[in-house]
2 protein chains.
Amino acid sequence: MTSISDLTKDLKQGDIKALARAITYVENEITGSAALLENIDARATPTIGITGPAGAGKSSLVNSLIHLLLMQKQRIGVVAVDPSSPFNYGSLLGDRIRLADHFNNSEVFIRSVATRGSLGGLSDKIMEVVFVMSAFPFDYIFIETVGVGQSEVELAGLADTTIVTMVPDAGDEIQTMKAGLMEIADIFVVNKADHVGADRFAKNLRSLSASRINDEWKIPVLKTIATAKEGISELHQEILRHQQAGFSNKRKPFLLAEKCWRIIQKEKMKEVNKKMLLKEITRLMSDQYFNVYRFAKHYF
Amino acid sequence: MTSISDLTKDLKQGDIKALARAITYVENEITGSAALLENIDARATPTIGITGPAGAGKSSLVNSLIHLLLMQKQRIGVVAVDPSSPFNYGSLLGDRIRLADHFNNSEVFIRSVATRGSLGGLSDKIMEVVFVMSAFPFDYIFIETVGVGQSEVELAGLADTTIVTMVPDAGDEIQTMKAGLMEIADIFVVNKADHVGADRFAKNLRSLSASRINDEWKIPVLKTIATAKEGISELHQEILRHQQAGFSNKRKPFLLAEKCWRIIQKEKMKEVNKKMLLKEITRLMSDQYFNVYRFAKHYF
């Protein structure tokens with residue numbers, strides 16, 4: 001247990017190696033990871049989520065924001081959810097490598113986490129990874145993820161400010177996503193703003209935002225060209241403005257309750273494993289009237 | 001509890017109204033449904049699963065098989081998993097209404113169950129419904145479902161004989177499905193065999209089947225035109241041949257173990273509900289260092 005308390009202390013003091021090790025612990029559920037998580041006192045680090053369809057330039061946007069924040073001597077942590085698409089993987093990897101240079105400066109820390117299963121949602125361990133990172137003295141934590149259904153909702157529960165990035169040529173896809181994205185977006189970014197239709201697209205999003213009469217926060221719509229670093233400073237200003245407005249994240253308690261439920265379930269079920277059940281059931285199935293509903297009661 | 005034991009007795013004796021009521025019980029988890037399930041002594045009724053892509057003519061195939069079996073004075077139960085596609089719904093409904101005529105003869109009983117969530121898989125309660133039906137003196141139980149990923153595997157665990165239905169013009173879709181379908185198929189049916197390419201398609205499937213050197217059972221490939229009742233008698237013969245070969249269903253124990261695990265989990269978690277957690281967490285979140293991993297331990 002000494003190593004766990006050392007680890008949490010090192011984390012608090014900004015030891016990058018301790019951070020990397022702590023994340024590996026929780027990602028792989030190494031012995032002691034539960035104790036580590038229980039002993040973390042999380043800072044209220046501003047956490048920025050960036051989501052949107054594949055090809056919207058999320059990585060470039062994070063990249064540009066990091067460059068800007070580094071000039072302001074901010075310490076930044078990035079959690080990137082690896083997209084399953086091999087096409088995107090290549091282009092992201094390029095960004096990762098570029099960002100890795102900054103990593104040597106100990107002012108940017110980047111961690112990729114794998115996606116869970118076939119749904120392309122957030123990693124099973126993303127919440128743990130972000131929680132561990134919140135013990136480290138970062139000024140900002142970024143979470144970058146491809147927006148696919150469930151993952152958006154999870155992201156919105158994790159991030160204080162959620163940026164939804166889109167491109168003008170998103171076309172029909174956007175029609176189906178719009179409702180869900182409007183629900184989670186704190187800031188809309190129309191990236192690749194030099195593409196045809198960007199103005200019309202941004203205008204449409206603005207009227208969509210304006211039409212939501214009950215919102216305390218009107219979702220701003222920004223145009224950027226991330227690769228040319230255009231509009232990034234404006235985006236940063238909007239992030240600050242949203243953070244300073246001090247809205248509480250209404251989705252966070254739901255995400256926490258869900259997580260809590262899963263932790264309890266795991267604990268309660270730790271002595272029941274499927275392999276053991278399979279073995280017993282296989283043996284009993286030769287009985288003429290095997291009844292699983294009756295059998296299960298032995299474990300109540 | 002008297003009513004439960006009456007119900008199981010009526011079920012055994014072939015009371016169609018009792019069957020309908022029992023299914024409603026388990027589908028809606030009405031009080032007593034757990035006791036009902038525990039008290040069922042399932043017969044070893046031959047259970048035939050029919051799956052395949054939308055539009056492959058699964059309903060027509062079931063329809064034709066039922067007509068054939070009714071002439072042989074067999075009593076038949078059908079569980080149809082409602083497809084989410086509204087297009088298919090309409091065409092299936094047609095079949096349902098036609099089949100409803102037979103229902104009045106008390107020799108065919110048809111029950112539709114809703115699909116679970118967005119995945120289009122089998123219903124959450126399909127296993128319970130089939131289990132209840134297996135207490136009734138049917139000669140055959142049919143389970144008809146659109147083949148989509150997970151649902152196929154579940155179906156293969158439920159059915160003694162799994163028929164995979166396809167059409168010659170399935171094209172590319174089949175390429176991606178083929179591996180998974182080959183895993184669960186006991187019989188391949190090329191329906192709409194009067195369509196272009198049917199012979200070549202059937203030939204391809206036959207070489208695929210023949211290439212599996214380790215199989216005890218060589219998957220037969222049959223051509224049918226279900227709407228014209230062509231090839232149905234041959235299909236029936238293959239079903240009988242497969243049933244008589246007496247292979248045990250290797251997937252069944254896995255499905256039962258999974259189900260058992262879920263029953264136990266539900267029991268163990270019955271005093272922990274998400275709403276209550278949400279309420280408590282929302283209250284505690286104002287604490288500076290709220291830690292869900294620490295909080296969850298109160299419920300261990």
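These legends accompany close-up views of a predicted model.

**View 1. Strand S5 of chain A sits inside the structure.** Welcome to strand S5, which covers residues 161–166 of chain A. Here 6 of the 6 residues are buried, so the strand is largely enclosed by the rest of the structure. Look at the side chains in turn: A:Thr161, A:Ile163 and A:Thr165 point one way from S5(A), while A:Thr162, A:Val164 and A:Met166 point the other way. Residues pointing in either direction are buried.

**View 2. S5(A) pairs with strand S1 and with S6(A).** Strand S1, residues 47–52 of chain A, runs parallel to S5(A), and 4 bridges link the two. One place to find this pairing is A:Ile48, whose bridge partner in S5(A) is A:Thr161. S5(A) is also joined to S6(A) by 4 bridges, again in the parallel sense. There, A:Met166 has A:Val190 as its bridge partner.

**View 3. A:Lys73 has a positive phi in a loop.** Most residues other than glycine have a negative phi. For A:Lys73, though, phi is near 60°. This lysine lies between helix H4 (58–71) and strand S2 (76–81) of chain A. A:Lys73 is exposed because just 8 other C-beta atoms lie within 10 Å, and the cut-off for exposed is 12 or fewer.

**View 4. A:Lys192 also has a positive phi, but is buried.** Phi of A:Lys192 is near 55°. Its loop connects strand S6 (187–190) and helix H9 (198–210) of chain A. A:Lys192 has 22 C-beta neighbours inside 10 Å, so this residue counts as buried, the cut-off being 20 or more.

Note on methods: Residues numbered from 1 in each chain as written. Chains lettered and ligands numbered in written order. Predicted model: local features only at pLDDT ≥ 70, side-chain atom pairs only at ≥ 80, totals over all residues. Pairing = 2+ DSSP bridges.
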